[in-house]
Amino acid sequence: MSRKKTAVVGGGITGLSTAYFLSEAVKEGRLDRDVTVYEASDRIGGSIATEYTDGFVVERGPDSFLTRKMSMYTLAEALGMKEELVTNRSGAYIYHQKQMHPIPQGAIMGIPTQWSPFLKTKLFRPAGKVRAAMDLILPRGSAEEDESVGSFFRRRLGSEVVDNMIDPLLSGVYAGSLDKLSLGATFPQFVEVEKKHRSLILGMKKSRKKEAAAPVYIGPDQRQANMFLTFRRGLSSFVEQLAAALPEGTVETGRRMTGLQHADGRYQLHFSDGTMEEADEVLLTTRHHQAAELFDDGLLETLASAPSTTVATVALGYEARDVELGLDGTGFLVPKQEGYDITACTWTHQKWEHTAPPGKALLRAYVGRPDQEGIVEKTDEEIASVVRQDLKEIMGIDAAPLFVHVTRWRQGMPQYEVNHLKRLGEVRQKLAASYPGVHLLGASYNGIGLPDCVSQAEKAVLQIIEQAES
């Protein structure tokens, strides 16, 4: 028999990580097979896209990853990129009632763990603070059924804390409606905290102490990393290094897959150019709606109907003298009730020192809220004009930028709505029965962060190795 072949569909972070782990297993003698990555576009990296403009390092997609989720850090270390890691400066604000309010010290995803900063903040009225403090005495909720993130936090901390702090914080991660997002699929740790400690506030205080016991150190001076990490030359440098670590010829770009058929114990992969390839295993790392289009029997129909939000980012370069912030922080979030089009703005040159040349400033604004995505369909000039007007009103910036980069991510943010994990489990059961050896992994399924995608890739490869060794 000829060697088995594993096809990886999609050349984003999930697909490339999957190919890397598979290739390493082949090198170690744990697997014996050929691996090919098929990427529809002419570039690799998926949502990761770094642009270099006159000394600026501009991220068009994600700009970093969570330090506490170690899979990305571990992979960077394996690729010899540990010395390239840099960490963020901290200190973000929330723009509320025409003022910048620092996020209270000790707040974890908006949950207060230190009373003094929480009581002093003007983000909430006294009644809102009292309502949040009721978390200390409220009983546990029922953990039997999934509920929305919004419902959970409103039940524990009240609507004012949710609307003014938690919603803008978490919406920045998922770009979705908290009242539709699944708690179990997005923040299962909070389910466990309530189950174990009853009170979110008390539970997160204990969890914070536990996390502090295992810090991550980076750089020649072994500096302790903050919440986020990225690479000095941008996230695309990581993608390039990851691709370079693969055997030559592993990645094929410009190969858009249009169909998948099961025949004679193998899979036929059909492509838009009329060609066909065969494989024994197929790992689909594309978004769920793209994966669903490959099946003509409606197997993934349940997942295909799951929504994704469309957002846009606007990067603006300035002379530093034109952006006198007067604030020592990394940017601000804008609650939807404030009435602006931008949802957040990162003072990128302050958050990441490597992103702007001396004497320059880099801002990155975000637009596109759930059910208010029309702005993303405007022209680049119109979007830039709206963003500049908001920044003028909020920050007083009137100078013309040196450059503007508008990036749209259509259907770019998968929404894990209530009971997402239940639906996903049912689909995977059907997939295993009808298409054994076909796997779904990536941002649409079990976590949208970069470390989540790497972890899914590693888990899938371990399962393949276990099956091969059994």
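This passage looks at how two domains of the chain meet, and then at a small sheet.

The model is a predicted one. Its domain assignment splits the chain into three parts. Domain 1 is pieced together from residues 4-44, 238-306 and 417-469, while domain 2 covers 104-211 and domain 3 covers 308-414. Going by C-alpha atoms, the centres of domain 1 and domain 2 sit 35 Å apart. Where these two domains touch, domain 1 puts in 6 residues and domain 2 puts in 10 residues.

Together, domain 1 and domain 2 bury about 620 Å² between them, and carbon and sulfur atoms account for 66% of that area. On the domain 1 side, the residues that give up the most area to domain 2 are Glu417, Val418 and Ile448, which jointly make up 66% of what that side buries. As for character, the domain 1 residues touching domain 2 come out as 3 nonpolar, 2 polar and 1 charged. The interface of domain 1 and domain 2 has 0 salt bridges, but 2 residue pairs do make polar contact between the two domains, with both residues at pLDDT 80 or more.

Turning to the sheet, 3 strands line up in the order β5-β11-β6 to form an open, antiparallel arrangement. The edges are taken by β5 (65-66) and β6 (85-87), each of which pairs on one side only. Strand β11, spanning residues 228-231, runs antiparallel to β5 and is joined to β5 by 2 bridges. Within that pairing, phenylalanine 65 has leucine 229 of β11 as its bridge partner.

Key:
Residues numbered from 1 in each chain as written. Predicted model: local features only at pLDDT ≥ 70, side-chain atom pairs only at ≥ 80, totals over all residues. Heavy atoms only, no water. Domains from an automatic or database assignment. Contact = heavy atoms within 4.5 Å. Buried area = accessible area lost by both parts, 1.4 Å probe. Salt bridge = Lys/Arg side-chain N within 4 Å of Asp/Glu carboxyl O. Polar contact = N/O pair within 3.5 Å; in protein donor to acceptor, adjacent residues only side chain to side chain. Nonpolar A, V, L, I, M, F, W, Y, C, P; charged D, E, K, R; others polar. Pairing = 2+ DSSP bridges. Helix = DSSP H or I, 4+ residues; strand = E, 2+ residues; numbered from the N terminus.
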